[in-house]
Amino acid sequence: MSARGGAEPTGLKRALAGWTGSTVAIVAAHPDDETIGAGGVLPRFKAVTFLHLTDGAPRDGRDAAAAGLKTREAYAAARRRELLAAAQLAGVPPSRCIELGGVDQEASLYFECLTRRLADRLNEIQPELIFTHPYEGGHPDHDAAALVVCAACRLLEREGKPFPVVAEFTSYHAQQERFTAGLFLPVLPAGGSEQTVVVLSEAERELKRRMFSCFMTQQKVLSAFPIAVERFRPAPIYDFTQPPHPGRLHYESFDWGITGARWRGLAEQALRRLGLEGPL
């Protein structure tokens, strides 16, 4: 384990092979992100806990309406049911599917609160390994997960408490302003290491297909993501006050009430209040 909580490449490969990392936490922005990023490898671990920053239901209600539901709350409940069904297939009980209390698209408004909640949960669970999103500008909540995980581990380290190694799974981003899913940004952040590419077995692919099928409200979104391969890497050092890449971020193409500049301003304020200024 390094001082910043990142996994060494060899250690990550061993964990993915099932040799180490018997207790794992998946810290994801929304229900289904855990399946997209790491659904195929979940059976390789002895115990897995899902920790979601948000309930997956935006406040504006447009996604709820598109799913044929009348309220944001009904949409959040549907997404929760979908998650529990997928988790059951992977052997993860409801007691280990934990929501940290955020609203979809708004995690950046509650950086400090979510960081402290996650730190408390990690101190209770004490996983050996975390999987989470990279900081890539794909979705503001994905980027929030990257920050919150790094910050929570730093808080635990500062308090002299155990903290896990941190690895990342792929999400999506805008590569040269083109939507790209299932791959990391080609430019490796400072302190980054080579990724580990896991070619899933047929049984693992079938599990992931079945988990995908549980998320009935997300079928259009899930169709963009690969089934056969999952990619992971040790978490690099991020400066969350700087853009993840040049040019327009993917989420800046949507009316989600936040820009990259505002996201970074909120991140800087939260890290200052947490006493964690500087790269994480």
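## Predicted model: fold and selected residues

Asp-32 is buried, since its relative accessible area of 3% falls under the 20% cut-off for that class. The model is a predicted one. Asp-32 sits in the loop between β1 (23-28) and α2 (33-38), and its phi is near 110 degrees, a positive value in a residue other than glycine. Most residues other than glycine have a negative phi.

A positive phi also occurs at Glu-177, which is not a glycine and has a value of about 65 degrees. Glu-177 belongs to the loop between β6 (172-175) and β7 (178-181). Glu-177 counts as exposed because its relative accessible area is 52%, and the exposed class begins over 50%.

**Overall fold**

The protein chain contains nine helices and nine strands. Its radius of gyration is 17 Å, close to the 19 Å that the globule rule gives for 280 residues, so the chain is as compact as a globular protein of that length. Along the principal axes, the C-alpha atoms fill a box of roughly 45 × 40 × 35 Å. Of the 280 residues, 55% are buried. Among contacts with a separation of 6 or more, 77% join residues 24 or more positions apart.

The accessible surface of the chain is about 11,900 Å², and carbon and sulfur atoms hold 51% of that area. The chain carries 32 positive and 33 negative charges, and the mean positions of the two sets are 2 Å apart.

**Two histidines in loops**

His-133 lies in the loop between β4 (129-132) and α6 (140-158). Its relative accessible area is 0%, so His-133 is buried. The side chain of His-133 makes a polar contact of 2.7 Å with the side chain of Ser-171. A polar atom of the His-133 side chain also lies 3.1 Å from the backbone nitrogen of Ala-29. Both Ala-29 and Ser-171 appear among the residues in contact with His-133 once neighbours within four places in sequence are left aside. That set also includes Val-27, Ala-28, Asp-33, His-142, Glu-168 and Phe-169.

His-250 is placed in the loop between β9 (229-234) and α9 (260-273). With a relative accessibility of 12%, His-250 counts as buried. Not counting residues up to four places away in sequence, His-250 touches Gly-137, Gly-138, Tyr-172, His-173, Ala-174 and Phe-179.

**Gln-105 and Met-216**

Gln-105 is found in the loop between β3 (97-104) and α5 (111-125). Its relative accessibility is 13%, so Gln-105 counts as buried. Outside its neighbours within four places in sequence, Gln-105 is in contact with Pro-58, Asp-60, His-139, Asp-141 and Trp-256.

Met-216 occupies the loop between α7 (202-214) and α8 (219-222). Met-216 counts as exposed because its relative accessibility is 61%.

For each of these two residues, one pair separation is tabulated, in sequence and in space.

| Pair | Separation in sequence | C-alpha to C-alpha distance |
|---|---|---|
| Met-216 and Arg-79 | 137 residues | 8.7 Å |
| Gln-105 and Glu-277 | 172 residues | 24 Å |

Terms used: Residues are numbered from 1 along each chain as its sequence is written. This is a predicted model: local features need pLDDT of at least 70, side-chain atom pairs count only at pLDDT 80 or more; totals for chains, interfaces and linings use all residues. Side-chain values use heavy atoms; hydrogens and water are left out. Helices (H or I, at least four residues) and strands (E, at least two) are DSSP runs, numbered from the N terminus. The radius of gyration is taken over C-alpha atoms; the globule rule is 2.2 Å times the number of residues to the power 0.38. Buried means under 20% relative accessible area, exposed over 50%, partly exposed in between (1.4 Å probe, protein chains only). Contact means heavy atoms within 4.5 Å. Accessible areas come from the Shrake-Rupley method with a 1.4 Å probe; for residues, only the protein chains shown count as cover. Lys and Arg count as positive and Asp and Glu as negative; His and the chain ends are not counted. The place of a charge is taken as NZ of Lys, CZ of Arg, CG of Asp or CD of Glu. A polar contact is a pair of N or O atoms within 3.5 Å; within protein, one must be able to donate a hydrogen and the other to accept it, and residues adjacent in sequence count only if both atoms are side-chain atoms.
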